[in-house]
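New to this one? Take a look at the chain below, and then we can talk it through.

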Amino acid sequence: MVVRTIEGAKFAQMVLLGANHLTNNATMIDALNVFPVPDGDTGTNMNLSMTSGAAEVKKLENETVTIVSEAFAKGLLMGARGNSGVILSQLFRGFAKGVNGAQVLDTKTFAKALQTGVNTAYKAVMKPVEGTILTVAKDTAKKAVELAETTDDIILFMEGVLKASKKSLAYTPELLPVLKEVGVVDSGGQGLVVIYEGFLASLKGEALPESANATVEMDDLVNAEHHKLVQDYMRTEDIEFGYCTEFMVKFEDEKLKEHPYDEEAFRQELSELGDSLLVVSDDEIIKVHVHVEYPGQAIDLGQRFGSFISIKVENMREQHTSIVGEQVKTKAKPKKKQDYAIVSVAMGDGLKELLESLGASVVIQGGQTMNPSTQDITHAIEEAHAKRVIILPNNKNIVMAAEQAAELSKDEVVVVPTKTIPQGMSALLAFHPDSTLETNKANMLEASKQVKTGQITYAVRDTQIDGLTIENGNFMGLADGKIITTGTDKLDVIKQLLADLVTEEDEIVTILQGEDAADEEIAIIESYIQVEFEDLEIEVHKGNQPIYSYIFAIE
């Protein structure tokens, strides 16, 4: 049987099966991460991002391909976690642009959408690296355009797309030397291949292993994530605005003539009705999420610009009671916005307290094992409740999500792209409340470059990288993110790391003690530093961070 077009409902099924297949393979994709540290980034981040996009698609019924694509793209955007999740969201954001206006997908429209997705993703990445998910997407889209000229059979087309993606994935080690050295393909590219596998299986009516279980897990995750700020910090009777109101409006020219759309003005109108406001719009659609007491007022404001694609209103007081009961945990909200706030990211109660003591207004719990999503960072910006906000990601895999959240915010928000906790600490010390936002960004970025970061962790797999042979379970010393020493004795690895990092010009070393680091070890480390680097001042803080037994800040 030849299939020449895909309707919206069928494309929605493809998205859902692609998400389920990614869920089932997330652990495998995590295992492809080049560094042998126990980070679990790529598979986890792509899975959570894809889950968010699929959750939006599940809300729709019998819609066009355009609407399904837009909902998928918006869900991915708000749920994007880590670099892999952000790039995935940009690929399908561009896909939605390429599909725009179509009722159904044929091979040429599908190919155009894949190519538009690649163009959008490459523009979003400041310095694209070949041999990654970007390359796999690019090579696949190029082949898709060729296939669309020779066949109108969607199934044959998708089989060719999948074959091209697998071929490109297999070649990634030739483009990125570190992949070849370790002997793996790119993890993000593998995730994209898995999604395409789900798409094809859905088209052919083939079930994927454990897809039913994956759907249940996805629903549970969405339910657990939704409105977590309200559930965690308020009693039922303290909910001021009781109705979660969400709607999407498709612009109509006739209505826009009478009521021209201005996103900032529209956002301001909605803000006067409630809180927890998110407004996302493009040339065709507005997506609104807001908590209000009178949903009809918000809906009426949206209807001025066009027709509704979807509307959802939930009673949060009933929802809150059924989910968390009457747990008492209130959260104060400033009535007036402060001039400045700093949002930082860290994993571990001790690090959270330390960053707050240095001036961080809000600390998001996250880091190597769990990168916060765009929406998590957006919520933190809202919680900070300031006119000007500075974000310190403190992890290279969180920078893109932070920048995406900054773009979505209605406030003045900038990102200082700190990649480690010590860099974040130095940046905080350079902040001055009387300086402009741009001056603070420049000064904080420069300060972050003046500190050296050492980290002690353990290997989760055998590998060879940068000339080192690393065995599963070995301890590793990282200098500014690069593995420079490894061994079976933790203290020996620490001494080798410090010997490499510390120079005569350095004056102070700050030791951040992880959750698995013993006080006895700290005493030995301090003694070693005092003997080997007698002029070096030592500070010790209990960071309680996972993954890294010790983090050293040297300056």
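What follows is a set of questions and answers about this predicted model.

Q: How many helices and strands does the secondary structure of the chain come to?
A: Let's start with the overall picture: the chain has 555 residues, and 55% of them count as buried. As for its secondary structure, the tally is 22 helices and 16 strands.

Q: Among contacts between residues at least 6 apart in sequence, what share joins residues at least 24 apart?
A: Here we look at contacts within the chain and leave out pairs under 6 apart in sequence. Of the contacts that remain, those joining residues at least 24 apart make up 72%.

Q: Which residues touch the most other members of the largest nonpolar core?
A: In soluble globular proteins, nonpolar side chains tend to be buried together. In this model, the largest nonpolar core holds 97 residues. A second, separate core has 22 residues, among them Val416 and Met444. Back in the largest core, the residues touching the most other members are Phe11, Phe95, Phe110, Ile377 and Ile391.

Q: Why does glycine 43 count as buried?
A: You'll find glycine 43 in helix H2, which covers residues 41–58. Leaving aside residues up to four places away in sequence, glycine 43 touches Ala26, Ile29 and Asp30. Buried means under 20% relative accessible area. Glycine 43 counts as buried because its relative accessibility is 0%.

Q: How far apart are the C-alpha atoms of glycine 43 and threonine 23?
A: Along the chain, these two sit 20 residues apart. In space, the separation of their C-alpha atoms is 8.2 Å.

Q: Is serine 426 buried or exposed?
A: Serine 426 belongs to helix H19, residues 421–430. Beyond residues up to four places away in sequence, its contacts are Ala447, Ser448, Val451 and Glu555. Its relative accessibility is 7%, so serine 426 counts as buried.

Q: At roughly what angle do the axes of helix H6 and helix H7 cross?
A: Helix H6 spans residues 133–148 and helix H7 spans 154–175. Among the residues of H6 that meet H7 are Thr135, Asp139 and Leu147, and the contact divides into nine nonpolar, six polar and two charged residues. The crossing of H6 past H7 is right-handed. Their axes come within 8 Å and cross at roughly 145°.

Q: Which strands stand at the edges of the six-strand sheet?
A: This open sheet has mixed pairing and runs in the order S13-S12-S9-S16-S14-S15. From one strand to the next, the twist averages 20°. Two of the strands each have a single partner, so one side of each is left without a neighbour in the sheet. Those edge strands are S13 (482–487) and S15 (537–542).

Q: Which residue takes a positive phi in the hairpin of S12 and S13?
A: Strand S12, residues 475–479, is joined to S13 by five bridges, and the two run antiparallel. Phenylalanine 475 has glycine 487 as its bridge partner, and alanine 479 stands opposite lysine 482. Two residues lie between the strands of this hairpin. The residue with a positive phi, near 50°, is aspartate 480.

Q: How many residues of S12 are buried?
A: On its other pairing, S12 is joined to S9 by five bridges, again antiparallel. In that pairing, isoleucine 456 has glycine 477 as its bridge partner. S12 is mostly covered, and the count of buried residues, out of five, is four.

Q: Which residue in S7 is the bridge partner of serine 344?
A: Now for an open sheet of four strands with parallel pairing, in the order S6-S5-S7-S8. Within this sheet, six bridges join S5 (residues 338–346) to S7 (residues 386–392). The partner of serine 344 is leucine 392.

Q: What residue follows helix H17?
A: Helix H17 covers residues 374–384, and its buried residues include Thr374, Ile377 and Ala384. The residue that follows has a positive phi, near 55°. That residue is histidine 385.

How values were computed. Residues numbered from 1 in each chain as written. Predicted model: local features only at pLDDT ≥ 70, side-chain atom pairs only at ≥ 80, totals over all residues. Heavy atoms only, no water. Buried < 20%, exposed > 50% of the residue type's maximum accessible area, 1.4 Å probe, protein only. Contact = heavy atoms within 4.5 Å. Core = buried A, V, L, I, M, F, W, Y, C linked by side-chain atoms within 4.5 Å. Axes fitted to C-alpha atoms, helices over the stretch in contact; angles between N-to-C directions. Left-handed = near helix turned anticlockwise from the far one by under 90°. Nonpolar A, V, L, I, M, F, W, Y, C, P; charged D, E, K, R; others polar. Pairing = 2+ DSSP bridges.
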